[in-house]
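Visitor: I am new to this structure and would love a friendly tour. Could you help me learn to read its inner spaces and its rings?

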Amino acid sequence: MAEVEARTVLWYMTFIGFIVNYMLRINLNITIVDMIVTPATNLTNATLATNASQLATVPGLESSANDSALNQRYSWERQFLDWANIDYERDGFHWNEREQSNLLGSFFWVHWVLQLPGGILARKYGTKLVFGLANGIGVFCCFLIPIVSYWSYGALLCLRVFQGFVTGLAWPSMHVLTAKWIPPNERSKFVSAYLGSSVGVAVFYPIFGYIIDWSSWEWVYYICGVVGMLWFVAWQFLVIDSPAQHPRIAQSERRYIEKSLGASVQNSTPGPTPWKQIACSRPVWMNVVAQWGGIWGLFTLMTHGPTYFRLIHHWNIRATGFLSGMPHLMRMIFAYIFSMFSDYLLRTDRLSRTNVRKLATGVCCGVKGVVVLALAYFGYNATAAIVLVAVATMFHGAVSSGPLASMVDLSPNYAGIVLGVSGMIGGMPGFISPFIVGILTQGNQTIDAWKNVFMLTAAMLIGSGVLYVLFSESTLQPWNSGSNSLPDPGLKELQSFEEKVPLKGELEADVKEKAKEEEEDKAASKIKSQN
């Protein structure tokens with residue numbers, strides 16, 4: 001039976017870790033649809049009739065104005081509040097569009113604050129601890145959200161802010177692990193594990209929709225908590241911070257990783273962080289720009305998609321969950337396929353590393369922006385809305401071969417810090433976008449209002465994509481170790497090391513050669529003693 005490589009285990013644990021990470025982000029996006037009292041929409045009768053007829057062609061997805069009956073559903077929170085004689089909103093929460101947008105964006109209000117510390121802490125204490133605790137604490141908060149929601153809107157807002165704050169450590173810390181474990185020409189494929197976030201959205205949106213339909217929205221948070229805790233236990237047992245520390249890794253795999261990384265990663269503690277060089281680096285800022293546009297587009301569709309489908313296209317909670325999650329599954333599949341294509345281009349030297357990253361970013365920002373622009377003009381049609389949202393989200397999967405991989409290319413030693421810088425600035429659309437959407441749709445849930453939302457999103461995406469393609473590069477920077485950068489051909493040769501030299505056989509040959517030399521030395525000593 002073939003031995004499972006440590007890198008394979010690491011990929012799956014990272015993949016599931018990001019599923020959990022995004023599960024925490026998006027659970028409120030779908031539950032809020034059922035938590036609030038659904039307002040009357042401003043759609044015309046003709047539009048509603050058109051959408052209803054189009055939706056009827058999708059099996060199992062029936063249109064419904066408001067099929068929730070919150071006051072008739074059982075939950076232990078309601079039972080407790082009734083027992084304690086505490087008043088609460090029995091027919092759903094009366095939050096207006098501004099309050100809803102604040103709740104949806106609150107996760108990201110201070111999420112950016114720990115982006116930079118996340119990379120620094122991971123370099124000092126290891127990704128295993130930092131990433132594990134970031135997800136673990138966020139998961140624990142899920143158990144508190146239902147009762148806090150009934151207690152106070154302000155308390156729920158604070159809890160979501162804290163949840164977003166602590167999980168801000170996760171993303172930059174993972175780049176530290178990637179830099180220590182993954183050979184340069186495998187990075188696009190490995191970073192596709194980060195797109196476990198897409199699978200988290202794709203899988204849990206429909207699951208959450210059915211949970212709400214069958215029971216109540218409160219159970220969404222309990223299931224999030226249980227799933228997250230199971231992952232946390234497995235993460236602590238299976239993940240190790242570096243190949244050198246791993247107790248179960250095969251020597252051949254460890255030697256391959258260390259030789260492939262070569263001089264680009266310092267196994268010992270690097271010198272002082274080159275803050276000035278990072279702050280003045282054009283490639284770093286181009287990655288920040290690409291992340292800004294990409295995250296604006298992704299989070300606008302992901303955060304407000306359920307509300308858009310429910311209020312504009314008037315779909316029930318099951319349809320909303322399914323159609324909000326499906327595009328993210330396509331995003332993950334596209335990311336994996338595109339990452340293999342990118343690694344192929346690098347291995348065969350068809351394109352330089354810089355041009356591969358530009359190609360990927362052009363797709364995940366520029367092409368996606370064009371599709372979102374089409375959504376702005378054709379989103380009034382239910383079928384067109386499904387297709388365009390799905391295709392736009394799918395194209396964003398190329399980010400794993402674009403800016404996310406480029407940050408490790410620039411500086412493996414400081415990849416976590418570079419991603420932290422990018423996350424601090426590039427992650428701000430996570431709360432700016434919901435705020436703007438709240439303003440544009442306040443008391444105005446119409447096709448025209450959402451057209452403005454999508455046009456702004458398209459402008460962000462296309463603009464960031466053009467800037468990246470024109471001004472970025474993805475070569476190892478001199479400030480990575482204070483020495484000259486390792487050229488791409490050198491990295492390519494190191495990547496092919498395992499193919500040229502069978503490492504296990506090489507190790508056995510080394511042992512035999514050493515034993516032979518020892519025997520020859522003993523024989524020589526014996527001859528000398530006889531003489």
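Visitor: Which helices each supply at least two residues of the lining of the largest cavity?

Guide: Let's begin with the general idea. Rolling a probe the size of a water molecule over the atoms shows where empty space is left. In this predicted model, the helices that each give at least two residues to the lining of the largest cavity are α1 (6–35), α15 (282–311) and α20 (415–426). With 4 residues, α15 gives the most to that lining.

Visitor: How many residues line the largest cavity, and which are the closest to its centre?

Guide: The largest cavity holds about 250 Å³ of space. Its lining has 17 residues, and Y22, R25, W171, Q291 and I295 are the closest to the centre. Sorted by class, the lining has 8 nonpolar, 7 polar and 2 charged residues.

Visitor: How many cavities of 30 Å³ or more does the structure hold?

Guide: There are 9 of them. The second largest has a volume of about 90 Å³. Lining this second largest cavity are 12 residues, with E97, Q100, S101, T307 and Q445 nearest its centre.

Visitor: Which helix makes up the largest share of the lining of the second largest cavity?

Guide: That is α4, with 4 residues. The helices that each supply at least two residues there are α4 (97–106), α15 and α21 (429–441). You have met α15 already, as a helix that also lines the largest cavity. By class, the lining of the second largest cavity has 5 nonpolar, 6 polar and 1 charged.

Visitor: Now the rings, please. How many aromatic pairs are there?

Guide: To read a pair, look at how far apart the ring centres lie and at the angle between the ring planes; centres within 6.5 Å make a pair, and planes under 30 degrees apart count as stacked. The count here comes to 32 aromatic pairs. Take F93 and W95: their ring centres are 4.6 Å apart and their planes lie at 5 degrees, so this pair is stacked.

Visitor: Are F93 and W95 buried or exposed?

Guide: Both F93 and W95 are buried. Across the chain of 531 residues, buried residues make up 57%.

Visitor: Which residues form one aromatic cluster?

Guide: The cluster consists of F18, Y22, F107, F108, F131, W171, Y194, W231, W235 and F299. Look for Y22 and W171 there, since you met both among the residues closest to the centre of the largest cavity.

Visitor: And how many helices and strands does the chain have?

Guide: It has 25 helices and 0 strands.

Key: Residues numbered from 1 in each chain as written. Predicted model: local features only at pLDDT ≥ 70, side-chain atom pairs only at ≥ 80, totals over all residues. Heavy atoms only, no water. 1 Å grid on protein atoms, 1.4 Å probe; cavity = no way out; pocket = protein on both sides within 12 Å on 5 of 7 lines; lining within 4 Å. Points joined across faces, edges and corners; volume = space filled by probe spheres on them. Nonpolar A, V, L, I, M, F, W, Y, C, P; charged D, E, K, R; others polar. Phe/Tyr/Trp six-rings, centres within 6.5 Å; stacked < 30°, edge-to-face > 60°. Buried < 20%, exposed > 50% of the residue type's maximum accessible area, 1.4 Å probe, protein only.
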